[in-house]
Every structure is written in C-alpha cells, then in structure tokens.
Amino acid sequence: MTIPSQRHLFDIPDDVAYLNCAYMSPLMREVVAAGHAGVQRKARPWQIRAQDFFTESDAVRELFARLVNGAAANVAIVPAASYGVAVAAANVPIPRCREVLVLAEQFPSHVLAWREAATERGARVVTVAAGSGSLSDRVLEHIGPRTAVAALPHCRWTDGALLDLPAIAARCREVGAALVLDLTQSAGALPFDAAAVDPDFMVAACYKWLLGPYSLGFLHVAPRWHHGRPLEHNWIARAGSEDFAGLVEYRDEYQPGARRYDMGERASFHLLPMAAAALTRLLDWGVAAIAVALAERTRRIAARAAELGLSALPEAERAGHYLGLRFPAGPPPGLLDALAARNVHVSVRSDTVRITPHLYNTDMDEARLLEALGEIRA
C-alpha cells in the first residue's frame with residue numbers, strides 16, 4: 001500500500017504547495033522539537049556528560065548506515081557534501097595524465113574539488129555531455145583505463161536523470177578507478193545499497209531528502225580508506241579521546257573506522273538529535289516505500305504536464321522523486337515569481353523546471369501546480 005500524505009507531521013499551511021525538496025526540505029515537527037530540546041540542553045551544560053560526545057554521534061551513524069545498507073563503522077559525520085568530497089579528493093590517487101569523470105551540469109561542489117585536484121596533479125577532468133541514449137550508457141562509454149576517479153551522483157540535480165550505479169561501480173572495478181558519489185539529491189528518497197555498490201566514498205548532506213538540518217551530513221567510507229588522511233586534526237577523532245583528563249597526552253592514533261574523518265565539534269547537541277529524529281522517521285516509512293509514493297506523484301504530474309505541452313525525461317531514465325519539466329522555448333521569464341505568487345514553490349535549474357515532491361505533498365498541491373502552469377502557458 002502506498003504511503004498516504006504525511007502533511008500532518010509538517011508545519012505547512014494548507015494553501016502552500018511546496019514541491020521543492022531538492023532545494024531544501026521542510027522540517028517535521030518532531031525534528032524541530034528535537035532541535036529545540038538540544039538548544040535548551042546546551043543552556044544547561046552540566047547536564048551533558050562526557051560520554052554523550054560519543055554515544056549520541058555513534059547512534060546517528062548507525063541510523064544513517066541502516067538507511068543505505070552500510071556499516072556504522074564506515075560513517076563519518078561531516079558539515080557538508082563539499083567536505084566529504086574534499087576528503088575523497090585528498091585521499092584518492094590521481095596520477096598524472098589520468099582522468100576524473102564528471103557529468104555536464106553536475107552540482108558544483110562535486111566538480112570544483114576535482115578540477116582543483118586534477119590541476120595540481122597534472123590530470124584532467126572529463127565531462128560526460130548530454131546526448132542520445134541513456135545517461136548511464138554515456139557514462140559507461142567514458143570509463144576506461146585512463147579513468148582514475150568517477151565522481152558522480154545517483155541522479156542529476158537539474159532534471160533527475162538516473163545513473164545505474166551497480167553497473168558503473170562494476171566498470172570502475174574493472175579498470176581500477178575509484179568511485180566517489182554525492183547522494184545529497186537521492187539518499188532517503190531513492191534506495192541505495194552501499195554494500196552492493198561499494199563506492200570508495202559516498203557523501204550526503206542532511207538538509208534535503210534526509211529531511212534533517214542544515215550544516216550536517218554523512219560520509220560513508222569504504223574500509224580500504226580507513227587509514228587515509230583527514231582534512232583536520234581534532235581531539236575527538238584521536239584514540240583515547242573519551243578520557244578528557246588524558247587529552248594532554250597527545251595521541252597519534254585515530255579512533256577506529258571512518259571516525260578519523262569526522263568534523264570538529266561533531267557532537268552537535270542540537271543538530272544530531274534533529275538528524276536522529278528525521279532518520280528514524282525515514283526508516284519507519286522505508287526508503288523503498290517512499291520512492292514508490294513519490295514516483296506515483298511525479299508520474300501523474302508528468303502526464304498532466306505533457307497535456308500542457310511540457311516535456312520530461314522518460315520515466316525509465318529519471319529518478320522517481322524527480323521531475324524536470326521543459327518548456328518548448330525554455331522557462332518563461334518570471335516563472336518562479338508567477339508560481340510563488342500562487343503559493344506554488346519549485347525550482348529552475350539550467351533549462352528545467354524542477355518538481356521535487358515529498359510525502360508532505362497532497363493531491364491539492366498537485367492540482368495547484370498544474371493549474372498554475374496551465375495559466376502561465378495560456
């Protein structure tokens with residue numbers, strides 16, 4: 001059975017049609033309450049025990065690991081997707097004259113670090129451009145003996161074009177290339193199996209499809225990289241940091257697993273509880289069930305939008321939680337303002353009107369969007 005609308009869990013007025021989760025998700029009431037409780041707790045720091053710096057962050061690691069079928073020991077806590085990409089770029093070898101593969105119109109945070117690394121190491125960035133056939137096929141055609149890194153998403157952030165990550169991962173293994181994934185626009189809404197795909201590094205920011213707070217994310221690190229170089233040297237990532245009195249005895253060894261890559265001040269006493277509340281709810285719904293519900297909604301919107309003369313990628317070529325609509329002559333000037341004036345909220349990325357619903361949306365939201373698009377097209 002499809003998950004019904006969960007709007008009652010969110011603070012969204014009935015007259016607001018917010019179909020823009022790929023921009024930033026609303027927070028559930030329980031996530032807001034967890035944040036408030038965390039701030040109030042920090043107001044009384046004598047109630048925060050030394051072990052809380054460790055047990056609470058490890059509990060959140062476990063929740064994220066369950067969501068992606070990974071291992072908690074492989075999860076580092078980071079402040080942003082760009083931080084996780086920077087960790088990967090600092091550790092993955094990129095020999096001179098080799099290549100880093102990215103998509104055309106990929107999100108900047110998953111391109112800029114690789115451009116910098118390639119320039120420093122005498123390598124080059126190769127961009128998979130738009131063309132005929134599926135995006136996955138074009139990526140697979142570009143992966144070869146010269147590929148050092150494939151730096152990719154699960155779906156393209158502009159229009160939801162989907163990548164076959166198991167096939168791409170297998171090809172990377174064949175040629176000895178590293179696979180670094182930014183799943184910020186898919187984790188929590190599109191099933192992903194970290195154990196099966198086995199990326200070298202995979203990062204996801206929390207504030208979109210994970211329905212969590214800003215300035216927090218998760219980096220899943222394959223065990224083969226557990227002895228790499230972190231971006232920063234903070235006290236809590238070092239062995240024995242549980243003993244506050246012994247911190248003056250500086251240690252060179254790190255905490256086990258991916259914890260060496262944790263950001264400083266990882267034990268955020270308001271952000272971690274918010275993430276925990278959101279992840280718990282996502283696990284309760286189930287990512288597979290979320291994906292089905294969102295795909296049903298975008299399928300209906302795509303069919304109705306086609307009647308208005310708007311086009312989208314075929315359903316088989318896009319992620320179900322994403323719908324990129326294209327006007328014949330490009331998005332009309334002032335489109336977003338015209339929609340916002342009708343309390344309909346979406347994004348424009350490149351030449352695409354990006355429709356990204358979640359379980360807080362209703363059939364009325366869907367109707368308001370299509371009515372507004374129809375008026376604008378008239």
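What share of the 378 residues in the protein is buried? In this predicted model, buried residues make up 55% of them.

**Overall build**

Let's start with the whole chain. The fold is made of 11 helices and 12 strands. For 378 residues, a compact globule would have a radius of gyration near 21 Å, and the protein has 21 Å, so the two agree. Along its principal axes, the C-alpha trace spans about 70 × 55 × 35 Å. Contacts tell us how the chain is joined up: among those between residues at least 6 apart in sequence, 74% join residues at least 24 apart.

**Surface and charge**

The accessible surface of the protein comes to about 16000 Å², and carbon and sulfur atoms account for 55% of that area. As for charge, there are 38 positive and 41 negative side chains, with the centres of the two sets lying 2 Å apart.

**A look at helix H5**

Helix H5 covers residues 135-142, and within it Leu135, Ser136, Arg138 and Val139 are buried. These residues sit on the same side of H5, because they cover an arc of only 160° around the axis. Which elements help to cover the buried residues of H5? The cover includes three strands and a helix, set out here with their residue ranges.

| Element | Residues |
|---|---|
| Strand E3 | residues 99-103 |
| Strand E4 | residues 124-128 |
| Strand E5 | residues 147-153 |
| Helix H6 | residues 165-175 |

With H5 in view, you can pick out its buried residues, Leu135, Ser136, Arg138 and Val139, and then find strands E3, E4 and E5 and helix H6 among what covers them.

Key: Residues numbered from 1 in each chain as written. Predicted model: local features only at pLDDT ≥ 70, side-chain atom pairs only at ≥ 80, totals over all residues. Heavy atoms only, no water. Helix = DSSP H or I, 4+ residues; strand = E, 2+ residues; numbered from the N terminus. Rg over C-alpha atoms; globule rule 2.2 N^0.38 Å. Buried < 20%, exposed > 50% of the residue type's maximum accessible area, 1.4 Å probe, protein only. Contact = heavy atoms within 4.5 Å. Areas by Shrake-Rupley, 256 points an atom, 1.4 Å probe, with all protein chains shown as cover. Lys, Arg positive; Asp, Glu negative; His and termini not counted. Charge placed at Lys NZ, Arg CZ, Asp CG, Glu CD. Arc of directions from axis to C-beta.
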